[in-house]
Amino acid sequence: MSCKSRKSPELQRTGLNRAVDDALKPLTGKTRDEMDVIRRRVKLQRREQGECRQLDSRLPELDAATRRNDCARKAQADVALYQARKQYLYLGC
């Protein structure tokens, strides 16, 4: 038997992505999580990428709105949050 380590392709890809992220961090200033999002969204069309960026900023606002609203407006805020999350998942953001 050889002393080589056998890793799955997914594990190899993860290791390579981490090495690239660490090497590019001084240039991009992005964390590993931010780079993962970029890698995931690169497959999307430009319009969909724009929608994902809008939803990134809109989802925390909607979430906060559901927490601070009273019972009358909470239902509307919940529906808006649900629709935004559904669109986020549909686009594959």
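## Exercises: charged pairs and a sulfur link

The structure holds one disulfide. Keep in mind that this is a predicted model.

**Exercise 1.** Work out which cysteines the disulfide joins, and what kind of link they make.

*Solution.*
- Step 1: find the sulfurs. Cys52 and Cys93 are the partners, with S to S at 1.8 Å. That fits the cut-off, since a pair of cysteine sulfur atoms within 2.5 Å is taken as a disulfide.
- Step 2: look along the S-S bond. The angle about it is -80°, and the link of Cys52 and Cys93 is left-handed.
- Step 3: place the two ends. Cys52 sits in helix α3 and Cys93 in the segment after α4 (71–91), so the pair ties together parts that are 41 residues apart in sequence.
- Step 4: check exposure. Both Cys52 and Cys93 are buried.

**Exercise 2.** Find the salt-bridge partner of Asp22 and say which helices the pair ties together.

*Solution.*
- Step 1: pick the partner. Asp22 meets Arg32 through their side chains, 2.8 Å from N to O.
- Step 2: locate the pair. Asp22 belongs to helix α1 (residues 9–28) and Arg32 to helix α2 (residues 32–41), so parts ten residues apart in sequence are tied together.
- Step 3: classify both ends. Asp22 has a relative accessible area of 43% and is partly exposed; Arg32, at 35%, is partly exposed too.

**Exercise 3.** Is Arg41 buried or exposed, and what about its salt-bridge partner?

*Solution.*
- Step 1: name the partner. Arg41 pairs with Asp56, and their closest N and O atoms are 2.7 Å apart.
- Step 2: map the link. It runs between distant parts of the chain, from Arg41 in helix α2 to Asp56 in helix α3 (residues 46–68), 15 residues apart.
- Step 3: apply the cut-off. Arg41 comes out at 8% relative accessible area, and under 20% means buried, so Arg41 is buried.
- Step 4: do likewise for the partner. Asp56 has 33% relative accessibility and counts as partly exposed.

**Exercise 4.** Describe the Asp63 and Arg67 pair, then name the residues of the salt-bridge network.

*Solution.*
- Step 1: get the distance. The side chains of Asp63 and Arg67 form a salt bridge at 2.8 Å, N to O.
- Step 2: check the spacing. Both residues lie in helix α3, four residues apart, which is about one turn of the helix.
- Step 3: check exposure. Arg67 is exposed, at 65% relative accessibility.
- Step 4: turn to the network. Asp21, Asp36 and Arg39 are joined into one network by salt bridges that share partners.
- Step 5: take the tally. The count comes to eight salt bridges.

Definitions and conventions:
Residues numbered from 1 in each chain as written. Predicted model: local features only at pLDDT ≥ 70, side-chain atom pairs only at ≥ 80, totals over all residues. Heavy atoms only, no water. Salt bridge = Lys/Arg side-chain N within 4 Å of Asp/Glu carboxyl O. Helix = DSSP H or I, 4+ residues; strand = E, 2+ residues; numbered from the N terminus. Buried < 20%, exposed > 50% of the residue type's maximum accessible area, 1.4 Å probe, protein only.
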